[in-house]
Amino acid sequence: MNIKTTNETLENINTQAVIVFIVDKNFNHVWIKHKKALEAANFKGESEEAILLLEDGYVYVGCANLQPDELRIAAAKAIKTLRQTSYKSAKIGSYIEDTHSMGALIEGFVLGSYEFTKYKSKTEPFNLEELIISADSYNQNKISLEELQNAKETAYIIANAANWAKDIINTAPYDYTPIQMAQDAQKLTSVEGVTCRIFDEKFLQEQKMGAFLAVNRASVHPPRLIHLTYIPKEKSKKRVVFVGKGLTYDSGGLSLKPSDYMVSMKADKSGGAAVMAILKGAAELKLPFEIHAIIGATENMIGGNAYKPDDILTAKNGKTIEVRNTDAEGRLVLADCLCYAQELQPDLLIDMATLTGACVVALGEYTTGVMGYNDKLKHELYRAATQSGELVNSLSFNRYLKKLLKSNIADISNISSSRYGGAITAALFLDNFIEESFKDKWLHLDIAGPAYIEKEWGYNQSGASGAGVRMNLYWLINQQGDK
Ligand code: BES
Ligand code: ZN
Ligand code: ZN
């Protein structure tokens, strides 16, 4: 689908379909041509409500207000509605005259048109080829065409990066192994400024990454540590290092997951996919920062050589870990990857992981948990998430929870001794692998809730959502203005 903007007024654009957002519930707007029909159909114009009037080719979508995320949701709803028709072209007027709303509209259209069809033998064709946005009112508001064009391109890159991550996450674990993940990372080197290094188990052994290696032990697929780098053309202002949990499958290991909980664990690579997509997006946006994405890619499986509860592992930084539950594997992989990441001397260090079911219990399935010591950084991320339409909430550390990770036999246990506060204790486990000088530069994002969607909501289809991609790209974009 090709999205175009034009300076023509809506009336002067010729398309088969027309999209109209309903903000005024009394249906008073020049673009609303079917007031009586809407009333007769009992259409209320509520948020996420849409109606298709086939005879005249009109799609009316409820839109509570003109805030960017409301526009995104309405745009996605319009595309989903048009998907059922044979219309090849559609048009829409611009409702609010700033570049943010133009970006949101485009993000909504691109996110809403995502479909994962890799495994379907028959697919419904998507007929809509052209979508024209009338930017008539932008002229009146003196927004230059260049500004508008920039907003459009940025929105495209952000939404496409999220969709790119979704494809990775949705792919079945049989097809998506650590080696496949490494190959996809390698392909990103076609983007200017991006290089990629792939490390195998020999390197992990040399680096003494005993925690990461233990998780991989019972898998027939070898592990990969993926290190993507983007160096901007202009002198870099900051070095930002992202670390992602890339569990291409999490069966729980010997502490095996019950069947119902194992389904969807192909999505345990969501943190890894997200950090790759962030790097891709940042490089395409040509942001002026040096960015690294480090992914610990492995499966967590069972077998005669599986790592066991009672095993003692030694991580890259020399700390010993008592394994009490092999299903708390993400933190083991991340521990070694975080040690590796700090060797790069980052100015900012952000890890992303589908780390705990406890985070979903705490915040619900729509919200990412943000943890760390730096309140300013947390606040910046909160702002960026809000701009992007993603939901985040902060979970605070405290000294008592920290004590629950004590082990009688090793430096630390891989699980807490209490069943409560599991998202925070997982983050506090990672904290053991963050050196003092990086404590204030580090944020941990637990995306276990929003990464994978059972029942569609907003502009998210069921399946992978690309959680974390948009908020971090917005955050990086904001950093340009800050320093
Ligand atoms: N990958 C899971 C966490 C998860 C749960 C992600 C639900 C997405 C949805 C993680 O590896 C895990 O199993 N964590 C355990 C930790 C526990 C053993 C301390 C959990 O959350 O139950
Ligand atoms: Zn697990
Ligand atoms: Zn896991």
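A pocket here is an open set of points on a 1 Å grid over the protein atoms alone, with protein on both sides within 12 Å along at least five of seven lines, whereas a cavity is a set of points where a 1.4 Å probe fits but cannot get out; lining residues have an atom within 4 Å of a point. Grid points are joined across faces, edges and corners, and a volume is the space filled by probe spheres set on the points. The model is predicted, with pLDDT of at least 70 needed for local features and 80 or more for side-chain atom pairs, while totals for chains, interfaces and linings use all residues. Residues are numbered from 1 along each chain as its sequence is written, chains are lettered from A and ligands numbered from 1 in the order in which they are written, and side-chain values use heavy atoms, with hydrogens and water left out.

On to the pockets. The second largest pocket holds about 450 Å³ of space. Its lining is made up of 20 residues, and H100, A151, T154, Y474 and I477 sit nearest its centre. Two or more lining residues come from each of α2 (68-82), α3, α5 (145-170) and α16 (469-482), where helices (H or I, at least four residues) and strands (E, at least two) are DSSP runs numbered from the N terminus. The most generous contributor to the second largest pocket is α5, with six residues. By class, this lining splits into nine nonpolar, eight polar and three charged residues; Ala, Val, Leu, Ile, Met, Phe, Trp, Tyr, Cys and Pro count as nonpolar, Asp, Glu, Lys and Arg as charged, and the others, Gly among them, as polar.

The largest pocket offers about 1,000 Å³. Its lining has 34 residues, with K257, L355, T356, G357 and A358 closest to the centre. The elements giving two or more residues to this lining are β9, α9 (259-262), α12 (357-363) and α15 (422-431), and α12 gives the most, with three. The lining of the largest pocket has 13 nonpolar, ten polar and eleven charged residues.

Enclosed space turns up too: two cavities of 30 Å³ or more are found in the whole structure. The largest cavity holds about 110 Å³, and of its 13 lining residues E390, P450, W457, N460 and R470 are closest to the centre. Six nonpolar, five polar and two charged residues line the largest cavity.

Helix α3, one of the elements lining the second largest pocket, runs over residues 99-112. At 1.5 Å a residue, its 14 residues should span 20 Å, and its end C-alpha atoms are indeed 20 Å apart; the expected span is 1.5 Å times one less than the number of residues. Twelve of the 14 residues of α3 are buried, so the helix is largely enclosed by the rest of the structure. Buried means under 20% relative accessible area, exposed over 50%, and partly exposed in between (1.4 Å probe, protein chains only). Among the buried residues of α3 are M102, L105, E107 and F109.

Then there are the zinc ions. The zinc ion (ligand 2) is coordinated by D250 (OD), D327 (O), D327 (OD) and E329 (OE), at 2.0 to 2.2 Å. Donors are N, O and S atoms within 2.8 Å of the metal (3.2 Å for Na, K and Ca), and water is not among the atoms, so sites may look incomplete. The donors of the zinc ion (ligand 2) follow the spacing D-x76-D-x1-E along the chain. Its six donor atoms subtend angles of 72 to 168°, which makes the arrangement irregular. Four donors count as tetrahedral if all angles lie between 85 and 135 degrees; four count as square planar and six as octahedral if opposite donors are over 155 degrees apart and all others between 65 and 115; anything else is irregular.

The zinc ion (ligand 3) is held by K245 (NZ), D250 (OD), D268 (OD) and E329 (OE), at 2.0 to 2.4 Å. Its six donor atoms subtend angles of 76 to 173°, and this arrangement is octahedral. The two zinc ions, ligand 3 and ligand 2, lie 3.2 Å apart, and D250 coordinates both. Distant parts of the chain are linked here: K245 in strand β9 (residues 239-250) and E329 in the loop between β12 (320-322) and α11 (330-342) are 84 residues apart. K245 is buried, at 2% relative accessible area, and E329 is buried at 0%, whereas D327 is partly exposed at 22%.
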